[in-house]
Amino acid sequence: MTLLVTGGTGFVMSVVVREWLDRDPAARAVILDRSGLDAMAEQYFAPVRDRLTVITGDICDPSQWSNALDAHGITAIVHGATITPISRGSAAEAKRQPEAEDPARIVDVNLMGTVRMLEWARNKPSVKRFLYVSSGSVYRHHGPDWTGEPLPEDGYVAPLTLYGISKFASEMVVNRYADLFGISALSVRLASVYGPMDRATESRNFRHVPNRVAHMALSGDVIRPNSLESVGDYVHSGDVAKAVIALISAPRLRYRHYNIGSGRTSTTGDIVEWARERVPDLKVEVSPHETANVIQDATLKDGMWGEYDLARIERDTDWRPRSGRDAFHDYMDWIVANEAAAAKEGK
């Protein structure tokens, strides 16, 4: 079994690759990414590097990678290559950046990159399943018919950003290719992911609250949230990887779209208290927006910021998320172990 993962040098996709290779000593994986392995990825993949092939190429230019992929007998595809534009700077800049910097590139990579990969896959009988990695950004914060239950896949879909729009458009294209060419295909919508391998990359510069709290707590920094009431459905990248592989491996899928999340909301206050269990002298000061170092909108409590309904994936697979507390502590342990290993490597 050989799994192709596009965007596999980045955050979540690298964890998917490692999970795939760790589960079966005979499994192989191929990464297709515009970026090669950075130092952190080289260290992360070192134990399985002999079964991993990395092909460098632009997802939008098949001439750079199609022939190379042909040689590997790919049996399943996880298409995660994407550009994740995150607002930064002042409040005024946040309304237009970074989408306005290169909007065509966002649509090209996120939508047409998906088309290019589907075009390659539809002519490969060896490919048994195509999984597209979408996002909770396809949902709205609130819907006119919102009733407060966990967010279902057929809930209020109305993306506002080019990222969300391109993700939802790609989902629809995946569905149509599946119908036209008999491909076993699905899309997964990820909640707010944190965990191992979460770092700044060429296409992603944002870290969710659990990541920031964990790193600041372990560094002895004072955590200054603008609110302890802000919520999110935060899911560990290791849990996401297990869910993705469960769906890739499932003998039968009844749906085209699946949520992947923790299935519950956690407040910033919850996460801070979990951190305090590992760092008892943790200092926390609720601060105004201007001086806060963890900033979330406390009014966003449902829709894409609420808990995600996991009934579909729990019906079709045996995957279940860990508790928020256990997953967060696991991440703190990983940070400590990873930093220790990196320090030893640097000596």
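What volume does the second largest pocket have? It comes to about 180 Å³, and we'll get back to that pocket once we've had a look around. Keep in mind that this is a predicted model.

Let's start with the whole protein. Its chain folds into eleven helices and eleven strands. Of its 347 residues, 53% count as buried. Take the contacts between residues at least 6 apart in sequence, and 79% of them turn out to join residues at least 24 apart. As for the outside, the accessible surface is about 15200 Å², with 51% of that belonging to carbon and sulfur atoms.

Now for helix H1, which covers residues 11–23. From its first C-alpha to its last, H1 reaches 19 Å with its 13 residues, close to the 18 Å expected at 1.5 Å a residue. Eleven of those 13 residues are buried, so H1 is largely enclosed by the rest of the structure. Among the buried ones are Phe11, Met13, Val15, Arg18 and Glu19.

One of those, Met13, leads us over to strand S4 (residues 76–79), where Val78 is found. Val78 touches Met13, and its other contacts include Leu3, Leu4, Leu131, Val244 and Ile248. With a relative accessible area of 0%, Val78 is buried. Gly8 sits 70 residues away from Val78 along the chain, yet their C-alpha atoms are separated by 9.1 Å.

Back to the pocket, then. Which helix gives the most to its lining? That's H1, with four residues. Helices H8 and H11 (324–346) also appear there, as each of the three supplies at least two residues of the lining. Val15, Arg18, Glu19 and Asp22 are among the lining residues, and so are Tyr44, Lys242, Asp330 and Trp334. Sorted by character, the lining divides into four nonpolar, three polar and five charged residues. How do we find such a space at all? Rolling a probe the size of a water molecule over the atoms shows where empty space is left.

Ser237 makes a good last stop. This residue lines the pocket too, and it lies in helix H8, which runs over residues 237–249. Is Ser237 buried or exposed? It is buried, with a relative accessible area of 0%. Leaving aside residues up to four places away in sequence, Ser237 touches Phe11, Val15, Val193, Tyr194, Gly195 and Pro196. Two of those names, Val15 and Pro196, also turn up in the pocket lining, while Phe11 and Val15 are buried residues of H1.

Note on methods
Residues are numbered from 1 along each chain as its sequence is written. This is a predicted model: local features need pLDDT of at least 70, side-chain atom pairs count only at pLDDT 80 or more; totals for chains, interfaces and linings use all residues. Side-chain values use heavy atoms; hydrogens and water are left out. Buried means under 20% relative accessible area, exposed over 50%, partly exposed in between (1.4 Å probe, protein chains only). Contact means heavy atoms within 4.5 Å. On a 1 Å grid over the protein atoms alone, a cavity is a set of points where a 1.4 Å probe fits but cannot get out, and a pocket is an open set with protein on both sides within 12 Å along at least five of seven lines; lining residues have an atom within 4 Å of a point. Grid points are joined across faces, edges and corners, and a volume is the space filled by probe spheres set on the points. Ala, Val, Leu, Ile, Met, Phe, Trp, Tyr, Cys and Pro count as nonpolar, Asp, Glu, Lys and Arg as charged, and the others, Gly among them, as polar. Accessible areas come from the Shrake-Rupley method with a 1.4 Å probe; for residues, only the protein chains shown count as cover. The expected span of a helix is 1.5 Å times one less than its number of residues.
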